[in-house]
Amino acid sequence: MPRYKTVEQVLSLMKDITRVRNIGIIAHVDHGKTTTSDTLLAAAGIISQKVAGEALALDYLSVEQQRGITVKAANISLYHEIEGKGYVINLIDTPGHVDFSGRVTRSLRILDGSIVVVDAVEGIMTQTETVLRQSLEERVRPILFINKVDRLVKELKLSPQEIQKKLIDMIVEINNLIEMYAEPEYKDAWKIKPELGNVVFGSAKDKWGFSVPIAQKKGVKFSDVVNAYSSGDKSKVEELANRVPIHEALLETVIKFVPNPRDAQKYRIPKIWKGDLDSDIAKAMINADPNGPIVLMISDMKVDPHAGLVATGRVFSGTLRAGEEIWLVNAKRQQRVLQVSLYMGPTRELAEEIPAGNIAAALGLDQARSGETAVDIKYKDANVGSFESLHYVSEPVVTISVEPKNPKDLNKMIDALRKLSIEDPNLLVKINEETGEYLLSGMGFLHLEVSLQLLKENYGVDVVTSPPIVVYRESIRTKSQVFEGKSPNKHNKLYISVEPLNEQTIELIANGTIKEDMDSKEMARILKEQADWDYDEAKKIIAIDENINVFVNATSGVQHLREVMDTILQGFRLAMKEGPLAHEPIRGLKVILHDAIIHEDPAHRGPAQLYPAVRNAIFAGFLTSKPTLLEPLQKLDIRVPMDFVGNVSGVITRKRGKILNMTQMGSIARITAEIPVSESFELASELRAASAGRAFWGTEFSRWAPVPDSLLLDVIMKIRERKGLPKELPKVEDFLA
């Protein structure tokens with residue numbers, strides 16, 4: 001039985017890096033992640049064995065308990081012994097719902113291994129594939145846990161042979177995904193091989209589980225499982241749990257197959273650190289050196305009502321102590337660590353120091369945001385590099401406007417929204433200048449609903465909200481001629497044309513292959529080989545903004561241009577934030593500056609003169625190039641009995657969706673489809689009605705696609721009306737005065 005381990009014992013073990021494991025539990029929504037974590041907590045003596053499986057100890061926000069889903073990523077450090085040796089396991093339980101996938105991305109950055117939980121009946125769902133892909137992209141080694149095996153006996157009444165066949169099919173499917181998404185050197189090494197023991201079968205709720213080696217050692221067979229559940233005698237299931245307790249199987253698998261931080265950092269740092277790999281700081285990280293310079297990767301910021309902002313992150317090198325001065329690379333600020341602690345679920349336990357390879361919580365870094373790199377202060381001016389920016393699987397596509405019920409709560413609401421957006425970088429807060437509304441954008445309807453509930457419970461702010469609005473992007477479909485943009489004082493002239501970026505370029509920028517700050521020759525080489533760019537033109541790219549627009553400087557020998565280039569680029573970025581059609585962000589535009597006439601006197605060429613010149617030329621080109629709106633599409637993965645396929649496909653076509661693929665597995669059909677987010681408001685209730693409640697489905701962000709021409713004008717007009725813009729659309733002449 002578990003021996004209660006105190007914080008001191010966990011801290012002393014943390015110093016021996018070979019005994020540390022950093023793991024996360026990832027899965028599709030409702031496949032049993034938090035219940036799995038519970039059984040591990042019970043094993044470490046943090047919650048009692050009796051309530052494990054029902055306590056959902058890591059779901060400590062009341063939002064989570066009411067909805068029965070995990071919303072944030074909870075951390076905890078556990079102690080486990082194998083063959084008399086103690087190990088510290090830093091565990092993170094992550095959300096499975098697609099609206100919170102950003103938190104999965106941020107957790108994976110600080111982990112070395114992941115337990116992928118799959119429901120034995122539902123099998124591999126969209127979000128299982130997404131989280132597995134995220135895990136492999138971050139070079140985090142997956143191990144598999146097939147949960148809810150009891151359902152195969154109780155609900156599907158399968159025989160031991162059929163159970164084994166079904167489980168093997170699932171392992172094959174997971175291995176196909178690893179083959180597809182893993183990098184070449186890990187494809188074979190990381191595949192799931194039952195005979196080695198990197199897959200566990202069991203039921204977290206009933207607390208039993210085994211891998212093949214454990215089953216052989218203890219003499220347990222699938223027929224024992226079938227008998228325990230078929231007998232109708234509860235004590236038989238308890239007996240099974242005593243023979244093969246799940247926590248032993250899982251923790252043994254973790255300790256055996258997940259590398260320790262030093263081994264993991266050897267191959268993970270070259271992938272996630274963008275900076276010189278021969279520098280002292282990179283070498284210290286590759287060796288996870290506790291005596292090296294401090295490097296802390298911050299994955300999460302939380303607001304503690306008593307202590308202010310708490311930064312959670314992984315110490316990649318050095319030892320984190322209170323009182324250390326550190327430098328925040330992205331925020332370019334110096335800050336002092338006031339207090340260091342480790343996590344035990346929702347509580348933080350004070351620690352004097354946390355060495356490299358472990359996960360820590362620090363107070364005092366209130367300027368940091370998730371994704372920040374904090375380094376030793378002596379590297380302040382050294383430009384050491386930082387961690388690769390995080391790639392989120394989807395982006396905020398749904399917006400609501402919020403105002404406080406009671407007008408005197410306005411300042412309280414603004415402060416609360418600011419804190420929420422620090423805790424959750426995937427939540428965007430902005431103010432509409434024309435209407436004075438506060439706008440909140442999130443990944444989906446559930447994401448916004450939960451944020452509003454947190455607003456009410458944590459900050460006591462009651463808000464009134466508008467119905468959800470879908471976010472669009474503006475783009476063009478053909479190339480424009482060159483337009484002259486004049487500054488208001490007529491002393492500066494810019495000659496600019498615009499054209500759409502091709503799909504390959506958009507893809508390269510979106511997945512981070514092409515970045516603004518990379519070497520121009522390297523960028524040109526990739527664009528020429530993979531996206532049909534002209535090499536010389538690609539070398540002249542000088543800016544790429546966050547909505548995937550590119551600025552090319554094709555001028556030569558223009559006087560005074562160098563001094564004002566920063567101002568021109570700032571003007572370009574501002575123009576991209578609000579397009580001419582409906583003041584929505586512009587996406588996928590190539591802006592080419594062909595020539596310019598710049599006034600010699602700096603007083604006549606400031607931002608007030610150059611911003612309008614840049615904007616007018618871009619917008620004139622934009623309006624003459626078949627402009628359109630792009631809408632976000634969602635990918636649906638639906639599993640439904642064959643009898644209901646007709647009804648379900650009816651719902652999809654009615655909502656302007658299209659079916660991409662349909663396969664049959666036994667009596668169940670699996671339908672993959674795409675549907676516009678704007679049509680998905682009532683989707684859940686309609687799918688339930690169409691399938692008599694028997695459809696399972698998952699959704700994720702798919703891509704941006706042009707709005708059909710028949711609806712275009714209508715959509716633009718609705719957005720303009722909502723934003724308080726004039727009814728008539730701008731004309732090219734408006735920008736050429």
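In the predicted model, I618 makes contacts beyond its neighbours within four places in sequence with I496, V498, F572, A575, M576, L589 and V591. The residue lies in helix α21, and its relative accessible area of 0% places I618 among the buried positions, for which the limit is under 20%. By contrast with these contacts, S12 is 606 residues away from I618 in sequence, and the two C-alpha atoms are separated by 61 Å in space.

The helix that contains I618, α21, spans residues 607–623 and is followed by a loop that leads to strand β31 (628–641), and K626 is located in this loop. The backbone of K626 adopts a positive phi of about 50°, although the residue is not a glycine. Most residues other than glycine have a negative phi. A second residue with a positive phi is I548, which has a value of about 65° and is likewise not a glycine; I548 is found in the loop between β28 (541–544) and β29 (550–553). The surroundings of the two residues can be set side by side: K626 counts as exposed, at 52% relative accessibility, whereas I548 is buried, with a relative accessible area of 7%.

Helix α7, which comprises residues 160–181, and helix α10, which comprises residues 222–230, have axes that come within 9 Å and cross at roughly 115°. The crossing of α7 past α10 is right-handed. On the α7 side the contact involves P160, I163, Q164 and L167, and these residues meet F222, S223 and V226 of α10. By residue type, this contact is made up of five nonpolar and two polar residues, with no charged ones.

The length of α7 is consistent with its number of residues, because 22 residues at 1.5 Å a residue should span 32 Å, and the end C-alpha atoms of α7 are 32 Å apart. Along this helix, P160, I163, L167, M170, I171, I174, N175, L177 and I178 are buried. These residues cover an arc of only 155° around the axis and therefore lie on the same side of α7. An α-helix has 3.6 residues a turn, so residues three or four places apart point the same way. The opposite face of α7, turned away from the buried side, carries the exposed residues Q161, K165 and M180. P160, I163 and L167 thus appear both in the list of buried residues of α7 and in the contact with α10.

Conventions:
Residues numbered from 1 in each chain as written. Predicted model: local features only at pLDDT ≥ 70, side-chain atom pairs only at ≥ 80, totals over all residues. Heavy atoms only, no water. Helix = DSSP H or I, 4+ residues; strand = E, 2+ residues; numbered from the N terminus. Buried < 20%, exposed > 50% of the residue type's maximum accessible area, 1.4 Å probe, protein only. Contact = heavy atoms within 4.5 Å. Axes fitted to C-alpha atoms, helices over the stretch in contact; angles between N-to-C directions. Left-handed = near helix turned anticlockwise from the far one by under 90°. Nonpolar A, V, L, I, M, F, W, Y, C, P; charged D, E, K, R; others polar. Expected span 1.5 Å × (residues − 1). Arc of directions from axis to C-beta.
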